[in-house]
Amino acid sequence: MNAAHDCYENAHARFCIVHGILYFEYKPDTVISLTVARKVVSDRIQFQNEMIYPVLCDIRGIKDSNKAGRDYLAQFGSVLTKAVAILGNPQVSETMSDFYLKVNKPTIPTSFFTNEEHALAFLKTYL
Amino acid sequence: MLLEMASGNFSQRIARTDEDDELESLTVLINMVAEEMQETLFPKGYINTHHLQQNLTSLSFIVDEDFIILSTIPEANTLLNYDTVSIEGLAFSKLLTDTSAQNFERLLATILVNEKVSTLSLNYLTSNQTEITSLFSSISRISNENKFIIHSIFVDSLENGNNHEDFDTPIRLPKTRRDDARLMQQVYDYILSNLENPLPSLKELSKIFGTNEHKLKEAFKYFFNTSIYQFYNDERLKRVHLLIEQTNMPLKSIAYMNGFNTYPNFSKAFKKKYGYSPTDLKRDCSK
């Protein structure tokens with residue numbers, strides 16, 4: 001069993017596993033390029049240690065992204081995840097998330113939330 | 001509206017109101033832009049392969065049997081910020097990031113005996129310690145010599161302006177082709193989101209998408225330049241490669257998780273695409 005707070009941090013994000021859900025928080029002013037996307041996915045996969053989790057992804061720290069980064073995340077960012085709840089603010093975060101959902105088409109169930117409780121409720125159905 | 005355009009649908013329009021303000025003028029402008037783009041820029045009925053198609057650069061290196069760089073191209077200067085003289089004589093792995101260098105070293109023994117081309121993923125480090133990821137890299141022996149050539153392709157993310165000379169003179173495609181595009185996009189996305197299952201037969205796919213087998217096969221090939229099966233196979237092998245390289249998951253689990261029914265089929269398909277077997281990639285992985 002994992003400890004209640006099992007955490008890891010890299011240059012771009014912080015991730016913790018709590019009660020079977022992976023909490024993933026981008027650090028402020030992150031720009032998602034292909035390099036950043038690869039690093040983030042690679043570290044997350046290694047941290048998960050072969051187990052599959054639902055993921056809560058807090059994108060409030062994302063300042064910008066480019067197509068290569070988004071495409072990479074849409075394809076490989078879902079590896080070893082059951083579902084993703086994107087947590088963000090109603091303006092910029094929501095627009096970025098709408099774009100990602102509509103255009104990059106992530107391959108597993110993904111939804112946007114402005115409220116952490118709703119996000120968790122969504123993810124709990126995938127536990 | 002803008003979301004529709006970005007995903008390839010130029011036929012939507014924002015409803016007009018009787019207001020005469022900045023917002024309305026913006027509405028008018030966007031509608032007109034959409035209409036223009038629909039008619040001129042994307043006659044094929046824009047399909048979105050979810051990767052970048054333009055602005056690629058490549059690097060090549062010739063290395064000896066010890067993988068010391070013998071020669072390279074001037075591009076190495078612009079991309080990696082080393083001058084070509086100082087690169088020659090350097091061990092190739094010195095150009096890579098630590099993790100990438102480790103992966104590379106692990107595969108060296110296999111590459112040395114490989115008759116065919118091996119494909120890898122390489123991350124380079126420039127002289128100012130910036131990381132650049134290559135989209136695709138390959139290494140192969142140069143016939144009849146004790147040398148190897150390494151190619152890496154990169155996305156050129158520097159500002160490049162708009163390279164519109166890439167577009168052919170627009171030919172107006174019939175409406176049926178544009179409808180096909182939308183359908184093929186759905187098929188494409190469906191396959192991508194179901195890579196963990198075996199590919200449904202052409203018959204089943206044509207039922208799911210309400211078309212006939214011939215049209216499915218022909219239209220997919222027309223828009224994506226590959227067969228449905230080949231695309232499915234390539235995409236799941238990409239995922240497999242990532243998983244093998246980055247996790248300690250047993251190869252059998254990775255195979256079954258990605259739609260392969262038997263391990264030998266998996267191993268064969270992997271070797272065919274990459275030039276080395278899954279166990280070669282996994283060997284010496286720290287447990």
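**Exercise 1. How do strands β5 and β7 of chain A pair, and over how many bridges?**

Solution. Locate β5(A) at residues 53–58 and β7(A) at residues 81–87. They run in the parallel sense, over 5 bridges. Two strands count as paired if DSSP finds at least two bridges between them. Strands (E, at least two residues) and helices (H or I, at least four) are DSSP runs, numbered from the N terminus. For one bridge, start at A:Tyr53: its partner in β7(A) is A:Thr81.

This is a predicted model, in which local features need pLDDT of at least 70 and side-chain atom pairs count only at pLDDT 80 or more, while totals for chains, interfaces and linings use all residues. Residues are numbered from 1 along each chain as its sequence is written, and chains are lettered from A and ligands numbered from 1 in the order in which they are written.

**Exercise 2. Place the two strands in their sheet, and find what packs on it.**

Solution. Step one: read the order. It is β1-β2-β3-β5-β7-β8 in chain A, an open sheet of 6 strands with mixed pairing.

Step two: look at the edges. β1 (6–9) and β8 (110–113) of chain A each have a single partner strand, so one side of each lacks a neighbour in the sheet. Neighbouring strands are turned by 20° against each other on average, direction ignored.

Step three: add the helices. Helix α1(A), residues 34–48, packs on the sheet and touches β1, β2, β3 and β5 of chain A. Its direction makes about 25° with that of β2(A). Helix α4(A), residues 116–124, also packs on the sheet, touching β3, β5, β7 and β8 of chain A. Its direction makes about 170° with that of β7(A). Axes are lines fitted to C-alpha atoms, for helices over the stretch in contact, and angles run from 0 to 180 degrees between N-to-C directions. Contact means C-beta atoms, placed from the backbone, within 7 Å.

**Exercise 3. Which residues of α3(A) are buried?**

Solution. α3(A) spans residues 92–104. Its 13 residues reach 17 Å from first C-alpha to last, close to the 18 Å expected. The expected span is 1.5 Å times one less than the number of residues. The buried residues are A:Met96, A:Ser97, A:Tyr100 and A:Asn104. They lie on the same side of α3(A), because they cover an arc of only 100° around the axis. The arc is that of the directions from the helix axis to the C-beta atoms. Their cover includes β6, α2, β7 and β8 of chain A. A residue is buried if 20 or more other C-beta atoms lie within 10 Å of its own, exposed if 12 or fewer, and partly exposed in between.

**Exercise 4. Do the same for α8 of chain B.**

Solution. α8(B) covers residues 213–224. B:Leu216, B:Phe220 and B:Phe223 are buried. Their arc is only 75°, which puts them on the same side of α8(B). The face turned away carries the exposed residues B:His214 and B:Glu218. Just after the helix, B:Asn225 takes a positive phi of about 60°.

**Exercise 5. How many residues of chain B are in contact with chain A, and which element gives the most?**

Solution. 21 residues of chain B are in contact with 23 of chain A. On the chain B side, α1, β5, α6 and α9 of chain B give two or more residues. α9(B) gives the most, with 4 residues. The side divides into 9 nonpolar, 9 polar and 3 charged residues. Here Ala, Val, Leu, Ile, Met, Phe, Trp, Tyr, Cys and Pro count as nonpolar, Asp, Glu, Lys and Arg as charged, and the others, Gly among them, as polar.

Note on methods
Two residues are in contact if their C-beta atoms, placed from the backbone, lie within 7 Å.
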